[in-house]
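Me: I am new to this structure and would like a close look at a single part of it. Could you walk me through the surroundings of one residue, and then show me what else is worth finding on the way?

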Amino acid sequence: KYFKITTKLQIQFVEDKQEFSRFPTKTGRRSLSRSISQSSTDSYSSAASYTDSSDDETSPRDKTQVNSKGGTDFCVKNIKQAEFGRREIEIAEQDMSALISLRKRAQSEKPLAGAKIVGCTHITAQTAVLIETLVALGAQCRWTACNIYSTQNEVAAALTETGVAVFAWKGESEDDFWWCIDRCVTTEGWQPNMILDDGGDLTHWMYKKYPNVFKKIRGIVEESVTGVHRLYQLSKAGKLCVPAMNVNDSVTKQKFDNLYCCRESILDGLKRTTDVMFGGKQVVVCGYGEVGKGCCAALKALGAIVYVTEIDPICALQACMDGFRVVKLNEVIRLVDIIITCTGNKNVVTRDQLDRMKNGSIVCNMGHSNTEIDVASLRTPELTWERVRSQVDHVIWPDGKRVILLAEGRLLNLSCSTVPTFVLSITATTQALALIELYNAPEGRYKQDVYLLPKKMDEYVASLHLATFDAHLTELSDEQAKYLGLNKNGPFKPNYYRYKPRS
């Protein structure tokens with residue numbers, strides 16, 4: 001289903017929970033404790049964060065903190081880090097000019113006045129620019145992290161200083177995670193009417209625990225494969241009682257965030273954690289969607305021998321035509337040096353396959369959820385876990401074999417490195433526009449279903465970012481537009497058009 005963009009904003013395109021015991025470690029090493037989660041809750045950390053979660057073992061829930069305005073409606077690691085976080089946000093703004101441009105164009109009209117947005121995303125400097133844009137457009141915001149290791153503590157503190165109620169810190173337990181979501185949803189005198197989600201945990205928490213509040217939501221914007229899948233499940237079962245916007249399947253999200261972002265960040269994450277040289281290494285990439293395509297292109301360019309596993313014959317044929325050999329994982333499991341999962345599925349790499357990998361192999365995940373690698377099966381007495389770097393564990397078998405597990409199976413690029421700010425600007429701009437549209441839509445325009453973004457919005461988001469490259473679009477003449485049957489101002493492609501990426 002598609003929608004028209006007819007907001008007040010006058011812009012140019014108007015036409016079960018389980019706890020680990022402590023792992024065996026070498027003498028002198030501090031034991032590690034982690035929680036298992038089969039949802040997207042247990043995911044990545046930010047390598048760019050100023051402070052590590054181990055700097056202060058006191059839980060933020062046990063602290064009493066006050067910001068400079070006397071506010072206490074927040075829970076972050078250390079409010080005193082706000083100044084440093086503000087500098088991080090200012091740096092991010094320099095490469096998010098399109099989102100800042102949208103903020104300036106719409107700020108006077110306040111298209112989100114009255115909107116009470118509860119958000120559950122990764123709290124990074126780039127996300128902070130989005131949150132502050134929503135506030136500038138008139139919204140009130142309360143925010144939490146969609147993954148227990150994704151928060152930049154100093155950025156959370158900076159947002160709190162501006163009056164945004166943030167409940168998140170790097171290194172939350174799973175109990176902390178759900179507590180933070182609950183605190184965002186429930187507070188005296190404030191009831192959300194919009195949701196911005198990444199992974200679907202916030203949406204499902206409200207749906208299950210606060211159904212009366214959920215029914216009053218005017219719209220949901222979801223940006224991840226996992227979250228969109230969960231929305232479609234609710235819709236199919238007839239249980240989705242509010243309209244939702246699928247941002248993940250917009251062209252500007254899939255082809256830029258998923259493809260180009262991962263093409264750069266996969267190498268960054270692997271290099272920072274392992275110092276591996278890619279030339280000549282045998283790598284298997286599980287999944288040849290947009291994320292898989294980006295990973296394969298980057299690894300191939302540096303001389304790696306890349307295999308692909310796929311369930312979809314169309315994606316498999318694309319991989320073949322791009323020069324990759326499509327195999328079953330069991331066919332190459334004893335040969336490969338690196339396994340990268342990016343399917344969005346569960347148990348893509350099993351314990352039996354991990355047992356057969358060679359010494360020194362690297363295993364990591366580039367999908368949203370931490371379910372792709374069967375990490376839980378490695379929490380057994382016969383295997384020793386040795387933490388060698390932040391987010392880098394050696395899992396040691398009884399015969400001395402070591403497998404290098406990155407980020408405990410969580411999303412590699414935000415666990416062990418960073419992602420390009422410019423790409424996040426594209427996604428954030430799309431999210432902001434989707435929120436504006438849903439909030440301002442007249443009653444009845446959207447049913448209780450999941451909607452896709454129109455081509456016109458994708459093209460507008462792309463056009464805002466062209467100025468960064470000093471790119472100049474060619475304009476159709478009246479005769480050319482008539483010949484093609486197009487409006488001179490777009491959209492220029494039909495909704496069914498697929499933009500083929502270069503591998």
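**A close look at lysine 253**

Reply: Let's begin with lysine 253, which sits in helix 9, residues 251-274. Please keep in mind that this is a predicted model.

Is lysine 253 buried or exposed? Its relative accessibility is 6%, and buried means under 20%, so lysine 253 counts as buried. Setting aside neighbours within four places in sequence, you will find lysine 253 in contact with Glu223, Val247, Asn248, Asn258 and Thr427. With one of these, asparagine 248, there is a polar contact between the two side chains, at 3.4 Å.

Now look for aspartate 257, which is also placed in helix 9. Aspartate 257 has a relative accessible area of 11%, under the 20% limit, and therefore is buried. When residues up to four places away in sequence are not counted, aspartate 257 touches Glu223, Thr252, Cys262, Val423, Leu424 and Thr427. Glu223 and Thr427 are worth finding here: they are among the contacts of lysine 253 and among those of aspartate 257.

The UniProt record, an unreviewed entry, gives a reason to linger on these names. It places the feature "binding site" at Thr124, Asp198, Glu223, Lys253 and Asp257.

From there, turn to helix 8, which covers residues 225-236. Its twelve residues reach 16 Å from the first C-alpha to the last, close to the 16 Å expected at 1.5 Å a residue. Which residues of helix 8 are buried? They are Thr226, Gly227, Val228, Arg230, Leu231 and Leu234. Their cover includes helix 6 (201-209) and strand 7 (219-222), together with strand 8 (244-246) and strand 17 (450-452). Just after helix 8 comes glycine 238, with a positive phi of about 75 degrees.

Finally, there is an open sheet of eight strands to trace. Its order is 11-10-9-12-13-16-15-14, and the pairing is mixed. At the edges are strand 11 (325-326) and strand 14 (384-389), each of which pairs on one side only. Within the sheet, strand 12 (residues 338-341) and strand 13 (residues 361-365) pair in the parallel sense over four bridges. To see how these strands line up, find isoleucine 339, which stands opposite valine 363 in strand 13.

Note on methods:
Residues are numbered from 1 along each chain as its sequence is written. This is a predicted model: local features need pLDDT of at least 70, side-chain atom pairs count only at pLDDT 80 or more; totals for chains, interfaces and linings use all residues. Side-chain values use heavy atoms; hydrogens and water are left out. Helices (H or I, at least four residues) and strands (E, at least two) are DSSP runs, numbered from the N terminus. The expected span of a helix is 1.5 Å times one less than its number of residues. Buried means under 20% relative accessible area, exposed over 50%, partly exposed in between (1.4 Å probe, protein chains only). Contact means heavy atoms within 4.5 Å. Two strands pair if DSSP finds at least two bridges between them. UniProt positions are given in the numbering used here, feature names are shortened, and annotations may be inferred rather than shown by experiment. A polar contact is a pair of N or O atoms within 3.5 Å; within protein, one must be able to donate a hydrogen and the other to accept it, and residues adjacent in sequence count only if both atoms are side-chain atoms.
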